[in-house]
Amino acid sequence: MSKFIVLEGTDGSGKSTQLDLLGKRLEALGKKYTRLTFPRYDEPSSSLLKMYLNGEFSATPDGVNPYAASTFFMVDRYASFKTGWQKAYEAGEIIISDRYTTSNAIHQASKLEGKERESFLDWLFDFEYGLIGLPSPDMVLFLDMPADVTFRLLNKRQGETGDIHEKDHAYLERCRANALEICDKYRWKKIKCVGPRGLKSPEEISREIFEAVGEVLGIE
Ligand code: ADP
């Protein structure tokens, strides 16, 4: 039985912070796991997605067809699976991932509306999990961080000039709204990062994530 968990969220929502904390919790329990991060900017399979994010096809995300953009990211996932984690996945090991196919659902479906968006999502999941044969996650968690907070956190992250997604705040806000709808439709687990007392601490968010993944990972 596979145990494949994906952490999603818009840029700067705390995904890598939370995967670090989840990894530490698993290590403390003596659990072996494989950690994935997408996209893999240092691998040759990311050439096209880097051209896209660098603005070589268009200065704004909306200038690039969402089906085309999705394939740029898909080939990187395929290469990663075939050369990296296929064996671990098939052996039923714990796999935790920062972004996955689900990121295309957030960032590319937001370029479309209504029926066109629905058809895109059907195509995306059927293409990757069905036709291409990439594993479908056992659980997807979405870090629900309001757009203004992520802009603040991204600005604080040092040395970042931002890619075409990160620079386009209106687009990122649309992505978040689209993601919240997708959470309901595909039963992704929403993790609220802001509570009545403001932004929760990374540790508090981590506790909620750990509670949510307990059953899937068999560590209740
Ligand atoms: P992502 O991987 O989603 O892009 P990061 O984990 O890199 O996001 O987080 C973006 C920035 O926000 C980092 O500088 C991180 O330290 C900070 N950060 C993340 N979560 C929180 C939080 N709950 N409270 C305060 N700062 C946070």
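The following paragraphs describe the fold of a predicted model, from its overall dimensions to its sheet, its helix packing and its backbone details.

The protein contains 9 helices and 7 strands. Its radius of gyration is 17 Å, close to the 17 Å that the globule rule gives for 220 residues, so the protein is as compact as a globular protein of that length. Along the principal axes, the C-alpha atoms fill a box of roughly 45 × 45 × 35 Å.

Strands of a sheet pair through backbone hydrogen bonds, and the pairing can be parallel or antiparallel. In this model, an open sheet is formed by 5 strands, and their pairing is parallel. The order across the sheet is β2-β3-β1-β4-β5. Strands β2 (33-37) and β5 (189-192) stand at the edges; each has a single partner strand, so one side of each is left without a neighbour in the sheet. From one strand to the next, the twist averages 20°. At one edge, β5 pairs with strand β4 (residues 139-144) in the parallel sense over 4 bridges. Within this pairing, F142 has K190 of β5 as its bridge partner.

Helices α1 and α9 both pack on this sheet. Helix α1 (residues 15-28) touches β1 (3-9), β2, β3 (94-98) and β4. The direction of α1 makes about 160° with that of β3. Helix α9 (residues 202-217) touches β1, β3, β4 and β5. The direction of α9 makes about 170° with that of β4.

Helix-helix packing is considered next. Two packed helices are described by the angle between their axes and by the distance between the axes. Helix α5 takes part in two such pairs, one with α8 and one with α3.

In the pair with α8, helix α5 (residues 114-131) packs against helix α8 (residues 169-186) at an angle of about 60°, and the axes are 13 Å apart. Because the angle has this value, α5 is oblique to α8. The crossing of the two helices is right-handed. On the α5 side, the contact is made by R117, E118, L121, D122 and F125. On the α8 side, the contributing residues are N178, E181, I182, K185 and Y186. By class, this contact has 4 nonpolar, 1 polar and 5 charged residues.

In the pair with α3, the angle between helix α3 (residues 66-90) and α5 is about 20°, with the axes 12 Å apart. Angles under 35 degrees count as roughly parallel, and α3 is therefore roughly parallel to α5. The crossing of α3 and α5 is right-handed. Helix α3 contributes P66, Y67, S70, T71, M74 and R77 to the contact. These residues meet E116, S119, F120, W123, L124, F127 and E128 in α5. The contact of α3 with α5 comprises 7 nonpolar, 3 polar and 3 charged residues.

Two details of the backbone lie in loops. F38 and P39 are joined by a cis peptide bond, with omega about -5°. P39 is placed in the loop between β2 and α2 (47-53). R99 is not a glycine, yet its phi is positive, at about 75°. This residue, R99, is found in the loop between β3 and α4 (101-107).

How values were computed: Residues are numbered from 1 along each chain as its sequence is written. This is a predicted model: local features need pLDDT of at least 70, side-chain atom pairs count only at pLDDT 80 or more; totals for chains, interfaces and linings use all residues. Side-chain values use heavy atoms; hydrogens and water are left out. Axes are lines fitted to C-alpha atoms, for helices over the stretch in contact, and angles run from 0 to 180 degrees between N-to-C directions. Angles under 35 degrees count as roughly parallel, over 145 as roughly antiparallel, 65 to 115 as roughly perpendicular and the rest as oblique. A crossing is left-handed if the near helix is turned anticlockwise from the far one by less than a right angle, and right-handed if clockwise. Contact means heavy atoms within 4.5 Å. Ala, Val, Leu, Ile, Met, Phe, Trp, Tyr, Cys and Pro count as nonpolar, Asp, Glu, Lys and Arg as charged, and the others, Gly among them, as polar. Two strands pair if DSSP finds at least two bridges between them. The radius of gyration is taken over C-alpha atoms; the globule rule is 2.2 Å times the number of residues to the power 0.38.
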